[in-house]
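This report looks at how the interior of a protein chain is packed, how its strands pair, and where its backbone takes less common conformations.

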Amino acid sequence: MPQGAEAAPPMSINFQTQAAPIPAGFVQDYGLAYGLRANGDTYGWVTEATVNTAGATPLDLTAYGRDRNRAGIPQERDTVMHMQYLAGNGTTGPHGGWEYAVPSGTYIVTVSVGDQPGTGNVYDSTNTIRVEGTILINGFVGSAAQEYANATVTLPVTDGRISIDAIGGTNTKINYVTITQTTTPDTDNDGFDDIADQCINTPGVAPDGCPAVPPPDADNDGFSDAGDACPLVPGVAPDGCPAPVPPVG
């Protein structure tokens with residue numbers, strides 16, 4: 001994953017075309033590959049196959065945003081990004097996941113999916129959304145009575161980014177995402193709130209908020225076993241072995 005600036009939530013991202021009006025309170029995402037943006041945050045699209053991995057591959061989805069321009073539909077739902085493009089004639093396109101760089105912490109993430117009917121007035125998407133590998137929306141198929149669905153999850157993030165994908169869905173179309181960092185306690189003041197911290201009473205480091213584990217030193221001489229030529233006998237530099245006894249006389 002390319003390194004970049006970490007976000008300072010809350011943040012509301014609307015998925016749309018570049019030219020579409022931006023809903024009040026939102027920032028647009030029109031399909032650019034993952035990278036640093038002008039607002040100082042780092043986010044964007046990666047291939048579905050590599051989402052939520054250290055080596056995620058950036059993906060350009062700028063050709064797959066839509067603005068439906070339907071009367072009576074809020075702009076944040078009237079626009080979509082095809083995460084798994086499938087046209088009515090069977091034409092397919094790339095499958096993408098979306099990622100957003102954030103500090104370690106616990107986040108509240110809301111995602112909306114859905115769209116108008118496609119060819120033949122058929123709702124042709126089975127919308128599935130996973131956040132950090134956890135299913136949030138499971139196979140939502142729109143209807144005239146309910147074209148859109150949204151859901152919210154609260155979860156810890158310790159790998160430096162929030163990852164959203166549509167694995168398990170078909171022709172999933174995402175409308176928007178909102179992200180808020182919780183204000184839960186940080187008992188040991190190490191920067192990891194208690195929900196994300198595996199050692200809540202002891203200051204620690206990434207990824208789990210626990211203290212770093214020192215390498216083993218069986219003879220407690222200050223030389224780790226890996227670099228100690230005499231790992232069972234306390235010694236001195238340079239090899240961790242006892243100092244030789246000078247000859248008598």
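The text below takes up the nonpolar cores, a central strand pairing, a buried acidic residue and some backbone features.

This is a predicted model, in which local features need pLDDT of at least 70 and side-chain atom pairs count only at pLDDT 80 or more, while totals for chains, interfaces and linings use all residues. Residues are numbered from 1 along each chain as its sequence is written, and side-chain values use heavy atoms, with hydrogens and water left out.

The largest nonpolar core (buried Ala, Val, Leu, Ile, Met, Phe, Trp, Tyr and Cys residues joined through side-chain atoms within 4.5 Å) has 35 residues, and the members touching the most others are Trp-98, Val-109, Val-111, Ile-129, Val-131 and Ile-164. Strand β12 (residues 148–157) contributes the most to this core, with five residues; strands here are DSSP runs of E of at least two residues, and helices are runs of H or I of at least four, both numbered from the N terminus. A second, separate core has five residues, among them Tyr-34, Val-46, Val-51 and Ala-56. Beyond its neighbours within four places in sequence, Val-131 is in contact (heavy atoms within 4.5 Å) with residues including Val-109, Val-111, Leu-155 and Ile-164.

Strand β9 (residues 105–114) is largely enclosed by the rest of the structure, because nine of its 10 residues are buried, where buried means under 20% relative accessible area, exposed over 50%, and partly exposed in between, with a 1.4 Å probe and protein chains only. Its pairings, which require at least two DSSP bridges between two strands, are as follows.

| Strand pair | Bridges | Direction | Example of partners |
|---|---|---|---|
| β9 and β12 | 10 | antiparallel | Gly-114 and Tyr-148 |
| β9 and β14 | Seven | antiparallel | Tyr-107 and Gln-181 |

Asp-41, in the loop between β3 (35–36) and β4 (42–47), is buried yet has no salt bridge, and the nearest side chain of opposite charge, Arg-37, is 9.5 Å away. A salt bridge would place a side-chain nitrogen of Lys or Arg within 4 Å of a carboxyl oxygen of Asp or Glu. The side chain of Asp-41 does make a polar contact of 3.0 Å with that of Tyr-100, the term denoting a donor and acceptor pair of N or O atoms within 3.5 Å.

Most residues other than glycine have a negative phi, and most peptide bonds are trans. Asn-69 has a positive phi of about 55°, and Asn-121 has one near 60°. The peptide bond from Ala-237 to Pro-238 is cis, with omega near 5°.

Key. Lys and Arg count as positive and Asp and Glu as negative; His and the chain ends are not counted.
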